[in-house]
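Trainee: Got a minute? I'd like to go through this one with you.
Mentor: Sure, put it up.

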Amino acid sequence: MHIDESIADYVLSVAEKSGAEYAEAYLENSVSSGCAIEQGIFNGAYYSEGTGLRVRLVKNRRMFAFSTNKLNKEGIARAIRSFHGFKGIDTALSNEKALNVRCAVNERKKIEDASMLDDLSDMDKALAGIKCLEYKSLYGGVGRSVTYFSNSEGSAVRCSVPYISAVMSLIVKNGRETRQSVMQFGNTGGYELFNAQAVTETLVEKATSMNRVLEKGVTLSRDSLHRIKNVVLAPEITGIAAHESIGHPCEADRVFGRESAQAGSSYLTKDNLGMAIGSSKVNIIDDPTIVNSNGFFLYDDEGIRARPKTLIKNGVQTELLANRSYAQTLGMHSNGSSRSDSYSNEPLIRMSNTYLQAGDADFDELLEEAGNGIYLKSFMEWNIDDTRSFSRYQGNEAYLIRNGSICEPVKNFVLEKSTLDFWHAVRLVGKEREFYVGTCGKGEPQQGVPVTMGGASALLTFR
Amino acid sequence: MRACKRAQLDDIVASVSTYRVVYLKITNSSVDSIVEKQGQSGELFVSKDKKVFFTELKTLNRDGVATSIRKTLQMMPKLQLKEDYYGIADKPFKHGGAHSYDRKLEQISCDALSDLANEAINSAISNGATNVAGTIVVGVSNHELATSNGFSSSAKGSSITASLRLFKGSISFQDAYASRVLKGINLDTMAKRSAETVSMTNRTGRIDRGAYDVIYLPSPAGSLMLNVTHAACMGDVETGSMLTGKLGKAVASKDLSIYDDGRISSGVASAPFDEEGTKTQRTSVIECGVLKNYLHNFSTATKYKTKSTGNAGLVRPRPWTLVFNHRKSSQSIDALIRSIDRGILITNTWYTRFSNYLTGDFSTVPRDLALYIENGEPKYAVKRGMHGLEHEMVGIRISDNIMRMLRSTERAANDARQTFSWDTDGYFFMPSILVRGAHVTVA
């Protein structure tokens, strides 16, 4: 995979001559391939390869981005020269140190040698024996993104990141009732990270447990549900909650209104930064530097070194996710949170791997302390409002806790709480961490970037 | 096409799209930034002995295409059979009608676009809004398609879409318009109407959980109904959708019809032919309450012994534009409000998520103004906030079922228009609708 870096040099030269105060060029060569098996039938394969360029300029204090995969110098120069500004908002960027670095993710088994089709076929065969499984769709793919970033301040950042991605959808049926689950798997790194056997076991366990809920689950009355005060949340739930009700509201562009008409705003405003969000047990981190994680990156799309960000420390909001523009607004340095899903879209402030930091409780201790309540292991449906003030997680697998022990499954448990009630209710946090893969959407046009969500289990006690 | 033909493949579909799209973003009542995307993309679909392969050609020079084709041919032998593959559309190919195209959108400048945005912002502010956010997007494209069965044609597209979200105090309102021609959207009028809506009340109050009659304005109504045409696509039907196994059955109010329309002249998503050259058409998905058709490409239609509906998608059929029709749709939105004893006017939703796509169970969150209605009169905006610790209300959520909605949509207003939602991928010609008995929860 070859990138002609001279195009980036040309971009910076033309931009400087056209009077831009700042310019950057981002070249990306991407290759990906994958396949699908739906209802036991192979549904085709795909392959994609190409190179594109994104240019961002600040000229007359206005931000302009231009992207193309037609890499002829004349057209690129015309686009740069034709921009003179517009009547609108001033753009200023934080001062950052120029970097000249490389980042390459190691891979023992090259993604070009991936055996995804064979692996999906084996999974499909393994699932064929599960009678309750009414519908199954298996999608898997691999890819590699090679990028070169350079800017008018002297930065030059070269990255090569291979990745694996899979989505599995299962619907089980028991009598007239059905239950569904969509699971994602993903890593950055070589194909050795795709443990097909482990994924198969996860799928079998998911189908079996959903069927168990249908077969043996109880339906609680509204009064019984209302009386539940203690809820033990598995990492799948604490993770999605950390992502939705902490990570998103801590994105500085939402706080300052730039996503108001798209991905929404935030309960945080410039006037309440540093507010208490949860109990002192709550610590939430966003860390893109976790090696081989789905949300991994070492340098963001503005050429800034990435680092872990503590969003919530002991229950108090501490740091916002920022790019250079909002770092300037906040009077800080960028913390390297600027990402795009491809060269063709503008980079936005995004999460990476967002999680509830582990505490010191054993899982049994969480159950014991709960005494009676609910153990919410996984969710089906979730959503949250525009300001991220109240969310809902409908239990896929939920179980009654009785005298500190996990008992029969519950079919109709839904956790619907305000953000403050949710995080202030955290009484104990578990020792063990688990991570779940997802795709996070934002922007116009909507961009999906790979993330993980997870962390520790927790006991929440509501009033 | 020539390179693929030499390889003696069974079916070949090659397409090339050339495009220019400009996105303008409005933040805090000012133009924030402009993003321009130009380029060319290609797609290649080939089959040999029921092995099918799809290639995205991101680099459309001779070397890039040759490399992609070489890799495609190398990978083909390793594939398994797609046992239910029955080929691509064949002659005779009928020519679809022309759609509106606006040359003015080809070279619209950043200056001209920012002038349009600033006019809309000024109109919104002068009519009472205190803050404006939004996007204006203009695009032009040329799509060329050729197949090994002899189809060869091209289609031009142009569009302008605008989405404005206005704020006044604690109330917000968002609306979206779409057109194929520049004159199809009057941003000044759009901003003025939105400002009037966001200013219609400054009173807020709470409601209790329970069943409410709900009026959805066109954008949220279409956003929810679009799930119907997606669920009617044969790929979804085969992998389990809420319409699976219901063909020919009554699934909706007998007054309600839903069409998938790829040919509607003013439709932003319209095209004269689908991805294998079949002429696009208007297909009745639901006709007078009965599920009439699933949406097919040639292969799925052959599999199920029916005709293509012009919805290829080569691997999976896909919907075009949703057109909603209700026999009882002569009344104004005000008349719909007057017909409600206890209800809510929902102006926007987002985060619609299914707990079960097979049954149609979902929940969705009203994002902006939700107006509580009592005895036919608007009373107040439903309160939103984040006062959880004091156990004050923070907002509402609708938990419903698409199939129940289809049966309970009693009437529509006379305000149908083309619109869209940030939360949904697609366009729809949709009126406001009145749905009886939706379950509302309160947090």
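Mentor: Keep in mind that this is a predicted model. Start with strand S4 of chain B, residues 131–147. The rest of the structure largely encloses it, because 12 of its 17 residues are buried.

Trainee: What counts as buried?
Mentor: Under 20% relative accessible area.

Trainee: OK. Which way does strand S1 of chain B run against S4(B)?
Mentor: Antiparallel. S1(B) covers residues 11–27, and 14 bridges join it to S4(B). For one of the pairs, take B:Thr18, whose bridge partner in S4(B) is B:Asn142.

Trainee: And how many bridges between S4(B) and S5(B)?
Mentor: There are 16, again in the antiparallel sense. S5(B) spans residues 152–168. There, B:Ser163 is the bridge partner of B:Thr135.

Trainee: What do S4(B) and S5(B) form together?
Mentor: A hairpin, with 4 residues between the two strands. Check B:Gly150 in the turn: its phi is positive, about 100°.

Trainee: Switching to the interface. How many residues does each chain put into the contact?
Mentor: Chain A gives 77 residues and chain B gives 83.

Trainee: What's the buried area between chain A and chain B?
Mentor: About 7000 Å². Carbon and sulfur atoms give 52% of that.

Trainee: Which three residues supply the most on the chain A side?
Mentor: A:Phe42, A:Tyr47 and A:Phe390. They supply 10% of the area chain A buries against chain B, more than any other three residues.

Trainee: What about charges? How many salt bridges between the chains?
Mentor: The count is 7. One of the salt bridges joins the side chains of B:Arg397 and A:Glu416, at 2.6 Å from N to O.

Trainee: And residue pairs in polar contact, how many?
Mentor: 51 between chain A and chain B, with both residues at pLDDT 80 or more.

Trainee: Which element of chain A gives the most to its side?
Mentor: Strand S2(A), residues 41–59, with 11 residues.

Trainee: How does that whole side divide into nonpolar, polar and charged?
Mentor: On the side of chain A that touches chain B, 27 residues are nonpolar, 30 polar and 20 charged.

Trainee: Back to S2(A). Is its pairing with S3(B) parallel or antiparallel?
Mentor: Parallel. S3(B) is residues 51–57 of chain B, and 5 bridges join the two strands. If you want a spot to look at, A:Glu49 stands opposite B:Leu57 in S3(B).

Methods:
Residues numbered from 1 in each chain as written. Chains lettered and ligands numbered in written order. Predicted model: local features only at pLDDT ≥ 70, side-chain atom pairs only at ≥ 80, totals over all residues. Heavy atoms only, no water. Contact = heavy atoms within 4.5 Å. Buried area = accessible area lost by both parts, 1.4 Å probe. Salt bridge = Lys/Arg side-chain N within 4 Å of Asp/Glu carboxyl O. Polar contact = N/O pair within 3.5 Å; in protein donor to acceptor, adjacent residues only side chain to side chain. Nonpolar A, V, L, I, M, F, W, Y, C, P; charged D, E, K, R; others polar. Pairing = 2+ DSSP bridges. Buried < 20%, exposed > 50% of the residue type's maximum accessible area, 1.4 Å probe, protein only.
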